[in-house]
Amino acid sequence: MTADPDRAAPAARRWQAVDSAAGGLALDLGLYTVSAVFAGVTAATSTLSPHRAWGTVAAVGYLLAALLVAGQLLARRRHLDTALAGLPARWAVAGFAWAATALLPIAAQSVQRAAGRTDRAQEEVVVVEHAGARLVEHGTPYLGHDAIAALPPAEQLLGYTPYQPGMALFGLPRAATDAWWTDARVWFALVTALVLATAVTTLRTASAPDAPRRDAAVLRGVQAATVLPVCALTLATGGDDLPVLALCLLALALAAAGRPGRAGLAVGVAGALKLFAWPVAIVLVCWAATRRASPRTALGALGLPVVALLPALLVDRDALVENVLRFPLGHGLVTSPAQSPFPGHLIATALPAGRIVAAALLVAVGVAIAVRLLRRPPRTAAATALICGYGLLGAILLMPSTRFGYLLYPVALLVLAPALALAETRARRPAPA
């Protein structure tokens, strides 16, 4: 759980050597090639129809991206300084890959769903859209215990909305009209693209002594949040985690640029969507304390999620507790389908009193991180990203109910850390919000 620059230096040097090989193209080729294999295997073997549909389209997109990178490598061998192998060309290939492996599958599945295919979206898409409709009709996105119990057993799972109230906003377009473009995934993708573009602009406009290396690191971070299969697949089939991740990355980019107030607002919006952003918010507040800016950061980071909860709390407190607390903790009418075979789930299901053991391990990780934050709060945005990344990784592995797709959070946070380190050049003092 360390973010000590001295201890991390050897690993950082090894990563830099791999990342910069052949001007970054070697890792690009590996990323797209392995992703093509993953998508192909998903198309052939997945038991989930939306996943198979994604893999069929994405395998072609990744393969074309890999062929483009192979062409860039050949061009680089002939002329080392050719623009075809430069950073702008790599950005273009990454953009093409995201469009082909995430945006195109979203459009295809949304159109097919609008035409009557009921197997072209995961449950979370339907849940978010139903939450938007309930928000319009009843003033809260949540159903109470009795209302969920009254549903047919096969529909009770979809009656739960285990998200923060802000997530229901992505369901408002479908509440207004039924069309392919009102699919919640379309709006997840739009918000993700806009927020990531803002994060990239924030990092690339900050002065840095090694701008080319910083810009290459920014590209790698964006690849980790977009074209990596765990992200592209999640966005195309479910999608609710990607806006949350993008807002967390934006918050860290703003922290690297010395804007603690705006960083707090960004992570606060993420926290109003999903609980996964709350640990990032807490660590960011600790970072801000080292710059004497914790009140400004905390106002947005912790205040916005609380404000978002108030309307639902006032309209139906029991419904809020049933959806946001009881169901995720395993005390709802039905069990969460998040059952990926990580250590926490295996311990909870295989050992006597396994849930207690897994919970104790999870608490131990939380205590270790809390001690680390109290003894040595992070002083840089990069250190903040590392603590968040490793902390979330430990939590995901030890939670009794979890999903493989949740790994997108720690992966993107850890890969973005070098870009944050290279972009953070301002003195460690309070900066304008």
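**View 1. Ala224 is a buried residue of this predicted model.** Its relative accessible area is 7%. That value is under 20%, so Ala224 counts as buried. The residue belongs to helix 10, which spans residues 211-225. Setting aside residues up to four places away in sequence, Ala224 touches Cys231, Ala412 and Val415. Gly344 serves as a distance reference: from Ala224 to Gly344 the C-alpha to C-alpha separation is 25 Å in space. In sequence, Ala224 and Gly344 are 120 residues apart.

**View 2. Arg90 pairs with Asp28 through a side-chain polar contact.** The contact spans 2.7 Å. Arg90 sits in helix 4, residues 87-114. Is this arginine buried or exposed? Arg90 has 4% relative accessibility and therefore counts as buried. Residues up to four places away in sequence are not counted in its contact list. That list holds Gly23, Gly24, Leu25 and Asp28, then Gln72 and Ala85, and finally Ala216, Leu219 and Arg220.

**View 3. Thr161 lies in a loop between two helices.** Helix 7 (156-159) and helix 8 (172-176) flank this loop. At a relative accessible area of 3%, Thr161 is buried. Which side chain makes a polar contact with that of Thr161? The partner is Arg134, at 2.9 Å. Arg134 also appears among the residues that Thr161 touches, when residues up to four places away in sequence are left out. The others listed are Val127, Ala131, Pro141, Tyr142 and Asn323.

**View 4. The largest nonpolar core contains 105 residues.** Tyr32, Leu245 and Leu420 have the most contacts inside this core. Helix 12 (residues 241-256) supplies the largest share, 14 residues. Apart from this core lies another, of six residues. Its members include Tyr142, Leu309, Leu320 and Val324. In soluble globular proteins, nonpolar side chains tend to be buried together.

**View 5. Tyr32 and its contacts are shown here.** Neighbours within four places in sequence are left aside. What does Tyr32 contact beyond them? The list includes Tyr62, Ala65, Ala66 and Val69. Val93, Ala94 and Ala97 are also in contact with Tyr32. Gln223 and Val227 complete the set. Tyr32 is one of the residues with the most contacts inside the largest nonpolar core.

Definitions and conventions
Residues are numbered from 1 along each chain as its sequence is written. This is a predicted model: local features need pLDDT of at least 70, side-chain atom pairs count only at pLDDT 80 or more; totals for chains, interfaces and linings use all residues. Side-chain values use heavy atoms; hydrogens and water are left out. A nonpolar core is a set of buried Ala, Val, Leu, Ile, Met, Phe, Trp, Tyr and Cys residues joined through side-chain atoms within 4.5 Å. Buried means under 20% relative accessible area, exposed over 50%, partly exposed in between (1.4 Å probe, protein chains only). Helices (H or I, at least four residues) and strands (E, at least two) are DSSP runs, numbered from the N terminus. Contact means heavy atoms within 4.5 Å. A polar contact is a pair of N or O atoms within 3.5 Å; within protein, one must be able to donate a hydrogen and the other to accept it, and residues adjacent in sequence count only if both atoms are side-chain atoms.
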